[in-house]
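Subject: Structure handover

Hello,

Here is the structure I promised you. Please open it and keep it beside this email as you read.

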Amino acid sequence: QIPETPIMTEASDPNENRPLDDIVEKRLTFEKRVLPYDHVREADIFWEKRIWRVIDIREKMNLPFAYPEMPFFSILMDAAVNGDITVYSTEDDKFSAALPADEVATMGATADTVITFDPETYEEQIQVVRNELNPEDVNRFRVKEVWFFDEQTSTMQVRVLGIAPMIDVKDENGNFRYEKPMFWVYYPESREILARHKV
C-alpha cells in the first residue's frame, strides 16, 4: 500500500510547529502603521535648503543599518526586485526615469571569464562566472533631504526625499577608482515597507 502524501495548502505553514526563538511572538514591527506627513502649505515655507548627506554604516552610530539578519541594502534591493517600490536612475536625482525590476536585479553583478580543465580529456574550457553583489560590500548611502522653516508652526523641519546605495568602482587590477550611486529610492513611497523592518 502506498502511503498518502500530505497535500500542502496555502494555509499550511512549514514553520508552524517550529519553536519560538523569543519570549513572545513579536508582531508590532510588522503591523506598524506609518503616520502621514503633516500638511505644509507652500505659503508657510519661509526658507528651505537641500542637503545631500552620506551615511557610512561602518561608523558606530550607523551600525543598525548593517543588521546581520537583514541589512538595509537588502531591504531596498528586495523591495525593488519584487516591485514593491519603484527605483529611479542615477542620471539625475530628480526621480525622473524609473528602472525596471529585472535591470535592478542585475545591478552590481560582474561577470568573470574562467579557464578550467576537463579532468578526463584535459581540454581547456572557458566558463563565464557571474558574481552577485554582496550586501556587505555596500557601506555608504547618499541621502537627499530638504530642510525648511515652517512659519505656521515656527519649527525647522526636514523631509527625506531619496536614498541611494553607493558602490565602489574598481579598475581591472582591483584598485579603487571612485564610488557611484546604484539607484535612487523615493523615500516617501518606501516608508510603509521600511517601517516593517527592524532596521
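Let's start with one residue. Glu 145 is buried, because its relative accessibility is only 8% and buried means under 20%. Keep in mind that this is a predicted model.

**Salt bridges**

What does Glu 145 pair with? Its partner is Arg 53, and the two side chains form a salt bridge. The closest N and O atoms are 2.9 Å apart. Glu 145 belongs to strand S6, while Arg 53 belongs to strand S1, residues 45-56. The pair links distant parts of the chain, 92 residues apart. Arg 53 is partly exposed, at 35% relative accessibility.

Next to Glu 145 in the numbering comes Lys 144. Its side chain meets that of Asp 93 in a salt bridge, at 4.0 Å from N to O. Lys 144 lies in S6 and Asp 93 in the loop between S2 and S3, so this pair ties together parts that are 51 residues apart in sequence. Lys 144 is buried, with a relative accessible area of 3%.

Now look at Arg 140. It forms a salt bridge with Glu 179, and here the closest N and O atoms are 3.0 Å apart. Arg 140 lies in S6 and Glu 179 in strand S8 (residues 176-181), so the pair ties together parts 39 residues apart in sequence. Arg 140 is partly exposed, with a relative accessible area of 25%. Glu 179 is partly exposed too, at 24%. These two residues belong to a network of salt bridges, which links Asp 56, Arg 58, Arg 140 and Glu 179.

How many salt bridges does a search of the whole structure find? It finds 6. In general, side chains of opposite charge can pair when their charged atoms come close.

**A buried charge without a partner**

Stay with S6, residues 140-150, and go to Asp 150. Asp 150 is buried yet has no salt bridge. Which side chain of opposite charge is nearest? That is Arg 159, 7.2 Å away. A salt bridge needs the N and O atoms within 4 Å, so this distance rules one out.

Asp 150 does have a polar neighbour. A polar atom of its side chain lies 3.0 Å from the backbone nitrogen of Gln 152. Leaving out residues up to four places away in sequence, Asp 150 touches Val 40, Asp 44, Thr 155 and Gln 157.

Where does Arg 159 sit? It lies over the face of Tyr 37, 4.2 Å from the ring centre. Tyr 37 has another charge over its ring: the charged end of Arg 191, 4.2 Å from the centre.

**Helix H3**

Arg 191 also turns up among the buried residues of helix H3, which spans residues 187-194. Those buried residues are Ser 190, Arg 191, Ile 193 and Leu 194. What covers them? The cover includes helix H1 (72-81) and strand S9.

**Aromatic rings**

The count of aromatic pairs comes to 6. One of them is Tyr 88 with Phe 95, an edge-to-face pair. Their centres are 5.8 Å apart, with 75° between the planes. Tyr 88 is buried, with a relative accessible area of 15%. Phe 95 is buried as well, at 16%.

Phe 95 also pairs edge-to-face with Tyr 186. This time the centres are 5.1 Å apart, and the planes make an angle of 65°. The pair links distant parts of the chain, 91 residues apart: Phe 95 is in the loop between strands S2 and S3, and Tyr 186 is in strand S9 (residues 184-186). Tyr 186 is partly exposed, at 31% relative accessibility. Add Trp 184 and you have one aromatic cluster: Tyr 88, Phe 95, Trp 184 and Tyr 186.

**Two backbone angles to check**

Most residues other than glycine have a negative phi. Phe 95 is not a glycine, yet its phi is positive, about 55°. Ser 154 is not a glycine either, and its phi is also positive, about 55°. Ser 154 sits in the loop between S6 and strand S7 (155-170). Is Ser 154 buried or exposed? Ser 154 is exposed, with a relative accessible area of 51%.

Best wishes

Key:
Residues are numbered from 1 along each chain as its sequence is written. This is a predicted model: local features need pLDDT of at least 70, side-chain atom pairs count only at pLDDT 80 or more; totals for chains, interfaces and linings use all residues. Side-chain values use heavy atoms; hydrogens and water are left out. Helices (H or I, at least four residues) and strands (E, at least two) are DSSP runs, numbered from the N terminus. Buried means under 20% relative accessible area, exposed over 50%, partly exposed in between (1.4 Å probe, protein chains only). Lys and Arg count as positive and Asp and Glu as negative; His and the chain ends are not counted. A polar contact is a pair of N or O atoms within 3.5 Å; within protein, one must be able to donate a hydrogen and the other to accept it, and residues adjacent in sequence count only if both atoms are side-chain atoms. Contact means heavy atoms within 4.5 Å. Rings of Phe, Tyr and Trp (its six-membered ring) pair if their centres lie within 6.5 Å; planes under 30 degrees apart count as stacked, over 60 as edge-to-face and the rest as tilted. A charge sits over a ring if NZ of Lys or CZ of Arg is within 6 Å of the ring centre and within 35 degrees of the ring normal.
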